[in-house]
Amino acid sequence: MPSLAKIRNIVPMTVDNYLFEFSFTDDSLKNSAPGQFVELWVPGVGEAPISVCSAKVNDTIDLLIRRVGRVTNALYLLKEGDTVGLRGPYGTGFPVDGFSLRNLCLVAGGLGAAPIRSLWQHILNNREHFGKVILIYGMRHSQELLFRQEFKLLLRRHDIELYLAAEEIDGPALPPINMQVGRVTDLIKEANLDASFQVAMCGPPIMYRYAIKELLTKGIKEEQMWLSLERHMKCGIGKCGHCVIGGLFTCKQGPVFNMSLLKLVPEVIEC
Ligand SMILES: Cc1cc2nc3c(=O)[nH]c(=O)nc-3n(C[C@H](O)[C@H](O)[C@H](O)COP(=O)(O)OP(=O)(O)OC[C@H]3O[C@@H](n4cnc5c(N)ncnc54)[C@H](O)[C@@H]3O)c2cc1C
Ligand code: FES
């Protein structure tokens, strides 16, 4: 059963991508970790799985939600102070303990920046526990950049290397953030990566296909790559079978998988 949560703050990031901050009292949500997801319930409409988007989940949680269908459209009609339901957290997240003291490369494509944000926040909150950190983020259009204000601050830091690119750059957006024309794969080629890096990725399947090839050419092995997969889900807890692909329950064994497992399931990502 979902527990009740209140919309505390809504920040539009782009036209159809808003960052919602929810306050809640359910203690289980406090265990939310980067890469996991929660089921968001809009009363009278239904549920949708949404990635944990903030590192620290004490009595509030951030969710970056794109308006695409029934549940998300209904959410966009609500306002601060309104009540929804949240249940979770579910699924396996990124192996943050295993990343300890390692060099890390975070790769985000489009909306994939939402789960990756909880990871970069966790790393920066515990910076001394990690090695070099590279963040690669690509999008179709420069106007689609999420967390623009946060990037302005990240760009001032010297303990994280940022590579940002859009396939098309055009129009004013504040604050202005420098990015190059290109794709995630161009950024991987350019980045100062070597075989020592662990990689955490979230983006569309087509991005994985080409990003994995580039990472392999850098000497990074499949065992060092962690991918978050998105599949249609219903229950979120391994009961309904909606999310199964190649025998894997994305909601329970994932959504974050190690590439050495995924390569055994060619229909997931055709490399
Ligand atoms: C683990 C996980 C994490 C996720 N994290 C996030 C996140 O952080 N933020 C986020 O915004 N989303 C996230 N998603 C995606 C989100 O759960 C889906 O987009 C969800 O379907 C939205 O619910 P909805 O009811 O608004 O959309 P739906 O009504 O389910 O529609 C979803 C999509 O399907 C299309 N569609 C709907 N009905 C039909 C139809 N009859 N025929 C053809 N196409 C149709 C819609 O146009 C839309 O593109 C995540 C998904 C997973 C599995
Ligand atoms: S969503 Fe029901 S089994 Fe995964």
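In this predicted model, a backbone N or O atom of Val 71 lies 2.8 Å from an oxygen atom of ligand 1. Next along the chain, Thr 72 offers a polar side-chain atom 2.5 Å from an oxygen atom of the ligand, while for Arg 70 it is a backbone N or O atom that lies 3.0 Å from a ligand oxygen. On its own, ligand 1 exposes 960 Å², and the protein buries 62% of that area.

Looking at the wider surroundings, 18 residues are found around ligand 1, and those that come nearest are Pro 49, Leu 64, Arg 66, Val 71 and Thr 72. Strand 4 (46-51), strand 5 (60-66) and helix 1 (70-76) each contribute at least two residues to this shell, with strand 4 giving the most, 4 residues. In terms of class, the shell comprises 11 nonpolar, 3 polar and 4 charged residues.

Ligand 1 sits in the largest pocket, whose volume is about 1,700 Å³. This pocket is lined by 48 residues, of which Arg 66, Leu 111, Gly 112, Pro 204 and Glu 230 are the closest to its centre. Two or more lining residues come from each of strand 3 (37-42), strand 4, strand 5, helix 1, helix 2 (113-125), strand 8 (133-141), helix 4 (184-190) and helix 5 (205-217). The lining divides into 24 nonpolar, 13 polar and 11 charged residues. Arg 66 links the two views, being listed among the residues that come nearest to the ligand and among those closest to the pocket centre.

Definitions and conventions:
Residues are numbered from 1 along each chain as its sequence is written. Chains are lettered from A and ligands numbered from 1 in the order in which they are written. This is a predicted model: local features need pLDDT of at least 70, side-chain atom pairs count only at pLDDT 80 or more; totals for chains, interfaces and linings use all residues. Side-chain values use heavy atoms; hydrogens and water are left out. A residue is near a molecule or strand if one of its heavy atoms lies within 4 Å of it. A polar contact is a pair of N or O atoms within 3.5 Å; within protein, one must be able to donate a hydrogen and the other to accept it, and residues adjacent in sequence count only if both atoms are side-chain atoms. Accessible areas come from the Shrake-Rupley method with a 1.4 Å probe; for residues, only the protein chains shown count as cover. On a 1 Å grid over the protein atoms alone, a cavity is a set of points where a 1.4 Å probe fits but cannot get out, and a pocket is an open set with protein on both sides within 12 Å along at least five of seven lines; lining residues have an atom within 4 Å of a point. A molecule sits in a cavity or pocket if more than half of its atoms lie within 2 Å of its grid points. Ala, Val, Leu, Ile, Met, Phe, Trp, Tyr, Cys and Pro count as nonpolar, Asp, Glu, Lys and Arg as charged, and the others, Gly among them, as polar. Grid points are joined across faces, edges and corners, and a volume is the space filled by probe spheres set on the points.
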